[in-house]
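Q: Please take a close look at one part of this structure for a reader who has not met it before. Please explain how that part is built and what surrounds it.

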Amino acid sequence: MSPPSPEQETDNGPQEAGEECPICRGLGYVRADVPVDHPDFGKLVPCTCRLAGLAERRMSTLRALGDLGVMSRLTFETFNPEGLSLPPDKQANLRWAYEEAKTFAENPKGWLVLRGGYGCGKTHLAASIANACVERGQPVLFVTIPDLLDHLRATFAPSSSITYDERFEQIRTAPVLVLDDLGTESSTSWAQEKLFQIFNYRYNARLATVITTNQELEDIPMRLRSRLVDTDIARIVTITALDYRGGMGMEKARSDLSNLSLQSLILHGHQAFRNFELRKGEISPEEEQSLREAFEKARAFAEAPHGWLFITGTYGCGKTHLAAAIANHRVAAGDTVLFVVVPDLLDYLRDTFNPQNTATFYQEFVEVRRVPLLILDDLGTESATPWAREKLYQIFDYRYNARLPTVITTAKWLEEIDPRLATRMLDTSRCTPAPITAPAYRGGVPRKGSRRRR
């Protein structure tokens with residue numbers, strides 16, 4: 001007669017150490033109590049007397065695989081959700097990310113994707129989730145993706161004590177899986193295939209998963225990205241603070257890009273709306289009207305930055321003054337602003353490829369694309385190399401799709417601008433044009449009837 005199934009267990013509770021289990025009679029397994037037409041009919045399953053030991057061994061295996069040992073100090077209690085010297089919008093964003101991670105940790109279900117730049121706190125929050133699970137005895141695997149792939153490769157060694165299939169099964173079926181640093185792994189076909197298999201299995205099985213990445217979603221391979229952006233299972237939390245430990249105001253000395261912007265703002269610090277000259281009586285009524293309209297649009301944008309503002313006109317007509325006035329107004333309000341001349345920005349990005357430069361291109365490029373308010377002065381004066389055009393397009397395209405407030409000034413004719421950029425600037429549903437037909441301030445009074453098309 002087969003030992004009874006777990007469903008037939010009495011209220012005697014687990015047996016004392018050394019006693020024979022009354023359910024399985026010491027065998028450790030029982031036959032599943034299911035109908036004869038069930039696929040598990042006749043199969044052996046672990047007895048309740050073994051489940052606790054199996055769970056403990058599983059937790060030990062996951063702990064040995066993962067990195068939580070060295071990250072035990074990374075908890076919600078040691079995380080500062082206000083950051084250090086962050087502007088109000090960054091504090092609010094970081095607090096929101098903290099609350100989202102804490103909510104997930106209390107009841108791990110679905111997927112949580114933590115995105116953000118280096119040092120923004122996403123790994124701390126991911127480790128906090130894992131440590132919270134460990135505290136209540138829930139099996140969890142926390143591992144960086146390159147290490148995970150190394151663990152899989154190691155099983156092919158003749159000396160490995162575990163097979164590839166066993167290791168792969170441990171990883172993809174972990175009750176809670178925390179994958180840190182998606183995008184830092186090698187891009188070999190094998191690595192991408194393994195990641196897809198893990199993602200796809202956990203996606204279909206609806207297993208609790210946390211993923212951190214500093215990549216843009218469009219840079220993640222489509223097979224993986226399609227799972228991350230499925231709102232039925234995944235929640236994406238983007239952390240906008242570049243370094244929550246040290247703050248990211250305009251005064252942050254650690255960021256050379258912020259310093260570049262700060263130097264530009266110091267140079268244009270005197271330019272404000274209060275001292276903008278509307279040149280009444282100096283220029284034609286039509287040109288004066290265009291200048292006044294551009295002024296009003298710039299001032300409205302400065303009060304509530306939304307969408308894009310595109311200021312055009314000849315050199316010296318007041319475009320940069322209005323752009324700098326917007327920047328100075330928002331900085332005074334405590335906002336994070338990047339004000340930079342386009343050629344200077346491209347020179348700065350090129351310099352990140354210098355081996356002596358401690359900043360990486362990716363870090364700085366991400367900062368430009370994500371900054372809450374970006375002001376690009378003198379578009380069209382940069383070198384027209386394929387690299388420069390590509391970088392500008394990436395910046396424009398990202399901010400256009402993300403609907404991030406952006407100000408652009410240019411003295412170029414629209415037909416002289418890269419069509420990929422011009423099409424975004426001409427989208428009046430997101431971009432407000434502010435053409436200035438007035439001549440340069442130092443250019444004197446124009447001839448009667450003169451017009452400038454910008």
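A: In this predicted model, the count of disulfides comes to zero, where a disulfide is taken to be a pair of cysteine sulfur atoms within 2.5 Å. In general terms, a disulfide is a covalent bond between the sulfur atoms of two cysteines. Two cysteines nevertheless merit attention for their setting. C133 has a relative accessibility of 0% and therefore counts as buried. C431, at 1% relative accessibility, counts as buried as well. The second of these leads directly into the part examined here.

C431 belongs to strand β12, which spans residues 431–435, and W308 stands opposite C431 in that strand. The pairing involved is that of strand β8, residues 308–312, with β12; the two run in the parallel sense and are joined over five bridges. As a general matter, strands of a sheet pair through backbone hydrogen bonds, either parallel or antiparallel.

The pair β8 and β12 forms part of an open sheet of five strands, whose order is β9-β10-β11-β8-β12, with parallel pairing. The edges are held by β9 (337–341) and β12; each has a single partner strand, so one side of each is left without a neighbour in the sheet. From one strand to the next, the twist averages 10°.

Two helices that pack on this sheet can now be placed. Helix α11, residues 342–351, packs on the sheet and touches β9 and β10 (373–379). The direction of α11 makes about 100° with that of β9. Helix α13, residues 386–402, also packs on the sheet, where its contacts are with β8, β10 and β11 (406–410). The direction of α13 makes about 140° with that of β10.

Two residues in this region have an unusual backbone angle. In general, most residues other than glycine have a negative phi. D378, which is found in strand β10, has a positive phi of about 65° although it is not a glycine. R403 has a positive phi of about 55° and is likewise not a glycine. The place of R403 is the loop between α13 and β11. With a relative accessible area of 53%, R403 is exposed, since exposed residues are those over 50%.

A second open sheet of five strands completes the picture of the strands described here. Its order is β4-β5-β6-β3-β7, with parallel pairing. The edge strands are β4 (140–144) and β7, each of which pairs on one side only. The twist in this sheet averages 15° from one strand to the next.

Within that second sheet, strand β3 (residues 111–116) is mostly covered, with six of its six residues buried. W111, V113 and R115 point one way from β3, whereas L112, L114 and G116 point the other way, and all are buried. On one partner, strand β6 (residues 208–213), β3 pairs in the parallel sense over five bridges, and L112 stands opposite V210 in β6. With its other listed partner, strand β7 (residues 234–239), β3 pairs in the parallel sense over six bridges. In β7, the bridge partner of W111 is A234, and that of V113 is I236.

Helices also pack against one another. Helix α4 (residues 145–154) and helix α6 (residues 189–205) pack at an angle of about 100°, and their axes are 11 Å apart. That angle makes α4 roughly perpendicular to α6. I145, L148, L149, L152 and R153 in α4 meet W190, A191, K194, L195 and I198 in α6. The residues of this contact divide into eight nonpolar, no polar and two charged.

One loop residue may be added. Q271 lies in the loop between α8 (256–267) and α9 (285–303), and at 12% relative accessibility it counts as buried. Leaving aside neighbours within four places in sequence, Q271 is in contact with T320, H321, A324, A325 and N328.

Finally, these parts may be set within the chain as a whole. The secondary structure of the protein chain comes to 14 helices and twelve strands. Buried residues make up 51% of its 454 residues. Among contacts between residues at least 6 apart in sequence, 76% join residues at least 24 apart.

Conventions
Residues are numbered from 1 along each chain as its sequence is written. This is a predicted model: local features need pLDDT of at least 70, side-chain atom pairs count only at pLDDT 80 or more; totals for chains, interfaces and linings use all residues. Side-chain values use heavy atoms; hydrogens and water are left out. Axes are lines fitted to C-alpha atoms, for helices over the stretch in contact, and angles run from 0 to 180 degrees between N-to-C directions. Helices (H or I, at least four residues) and strands (E, at least two) are DSSP runs, numbered from the N terminus. Angles under 35 degrees count as roughly parallel, over 145 as roughly antiparallel, 65 to 115 as roughly perpendicular and the rest as oblique. Contact means heavy atoms within 4.5 Å. Ala, Val, Leu, Ile, Met, Phe, Trp, Tyr, Cys and Pro count as nonpolar, Asp, Glu, Lys and Arg as charged, and the others, Gly among them, as polar. Buried means under 20% relative accessible area, exposed over 50%, partly exposed in between (1.4 Å probe, protein chains only). Two strands pair if DSSP finds at least two bridges between them.
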